[in-house]
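This report addresses a protein model and its bound metal. It proceeds from the metal site to the sheet and then to local backbone features.

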Amino acid sequence: MTMPRSSLASFPRLKTWLDAGLGFFYPECCQICGCERAGPAEGYVCGRCQSRPDGIRFVRPPFCERCGLPFRGEVTSRFECGNCQESELVFRQARAAIEATALALDLIHKYKYQRALWLEPLLAGLFTSQAAPELRREQWDWIVPVPLHPVRHREREFNQAQRLALPLGAATGIPLNARLLERVEITRTQTMLSRTERAANVRKAFAMRGARQLGGERIVLVDDVLTTGATTNACARALQQAGAGDICVWTLARAVTH
Ligand SMILES: [Zn+2]
Ligand SMILES: [Zn+2]
């Protein structure tokens, strides 16, 4: 609704009618439990669900210096997990805002595949609140969202990585560059694949748009979920081969086991 607030205020009956109208389209109750009241202020997820043990959990140290995998227990020095020691990661480091708990994955799934766009302010807010302060400590040239294949983009009508990258760009002042990379292969879903299969599945999936060459730009890659890092690593490889400088990855959620 583009009508300015002041003009709505002078038509109280119209405003009530609009609120009722929005209530018809937008959920009034929590999108997880379906019983507690939760409106836009709560991000449509009630406080009780958000604070469940498998609810919203921010990623906190200790975690792997490279891939950001949270580690349960005491760690007194910097460490790299076993997976990172074995795999050839191109990005310098990956960080995530929240753990990919059952609730987080449920919300992301509803947002991505069922177009529950009213969940976007909550998800983007969680992401930006954690990523922006970290990114402000260094100088970055571009925020680059992981691209969707054009066919997938048409099916889904939006790229969730790009939608999450937008408010992060606004909060940090780092320009968004969504035209640098393209997804040149439709890959099968990664969900049932092993770590090695995932890497092979996406190895050639990304390319520089128009075979563009870079000159050492420092890039922040953005995606919704990081599981093994295969997708973001394939993007990072295409950027690095084109001449990018430092590359870091920020995702909304991070799988805790894989
Ligand atoms: Zn709830
Ligand atoms: Zn690691």
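## Terms and basis

Donors are N, O and S atoms within 2.8 Å of the metal (3.2 Å for Na, K and Ca); water is not among the atoms, so sites may look incomplete. Four donors count as tetrahedral if all angles lie between 85 and 135 degrees.

The model is predicted, with local features requiring pLDDT of at least 70 and side-chain atom pairs counted only at pLDDT 80 or more, while totals for chains, interfaces and linings use all residues. Residues are numbered from 1 along each chain as its sequence is written, chains are lettered from A and ligands numbered from 1 in the order in which they are written, and side-chain values use heavy atoms, leaving out hydrogens and water.

## Zinc site

The zinc ion (ligand 2) has as protein donors Cys64 (SG), Cys67 (SG), Cys81 (SG) and Cys84 (SG), at 2.3 to 2.4 Å. Its 4 donor atoms make angles of 102 to 114°, and the site is tetrahedral. Along the chain, the donors of the zinc ion (ligand 2) show the spacing C-x2-C-x13-C-x2-C.

Buried means under 20% relative accessible area, exposed over 50%, and partly exposed in between (1.4 Å probe, protein chains only). Cys64 counts as buried because its relative accessibility is 0%; Cys67, at 6%, is likewise buried.

## Parallel sheet and its helices

Helices (H or I, at least four residues) and strands (E, at least two) are DSSP runs, numbered from the N terminus; two strands pair if DSSP finds at least two bridges between them. An open sheet of 4 strands runs in the order β1-β6-β5-β2 with parallel pairing. Its edge strands, β1 (93–99) and β2 (142–145), each pair on one side only. Between β1 and β6 (residues 247–254) there are 6 bridges in the parallel sense, and Gln93 stands opposite Cys248 in β6.

Two helices pack on the sheet, with contact meaning heavy atoms within 4.5 Å. Helix α5 (residues 102–113) touches β1, β5 (219–226) and β6. Helix α8 (residues 160–172) touches β2, β5 and β6.

## Local backbone features

Pro61 and Pro62 are joined by a cis peptide bond, with omega about 5°. Pro62 belongs to the loop between α3 (47–50) and α4 (82–86).

Tyr44, in the loop between α2 (12–25) and α3, has a positive phi near 65° although it is not a glycine. Tyr44 is buried, at 9% relative accessibility. Arg115, another residue other than glycine, has a positive phi of about 50° and lies in the loop between α5 and α6 (120–135). Arg115 is partly exposed, with 37% relative accessible area.

Definitions and conventions
Axes fitted to C-alpha atoms, helices over the stretch in contact; angles between N-to-C directions. Tetrahedral: all angles 85-135°; square planar, octahedral: opposite > 155°, others 65-115°.
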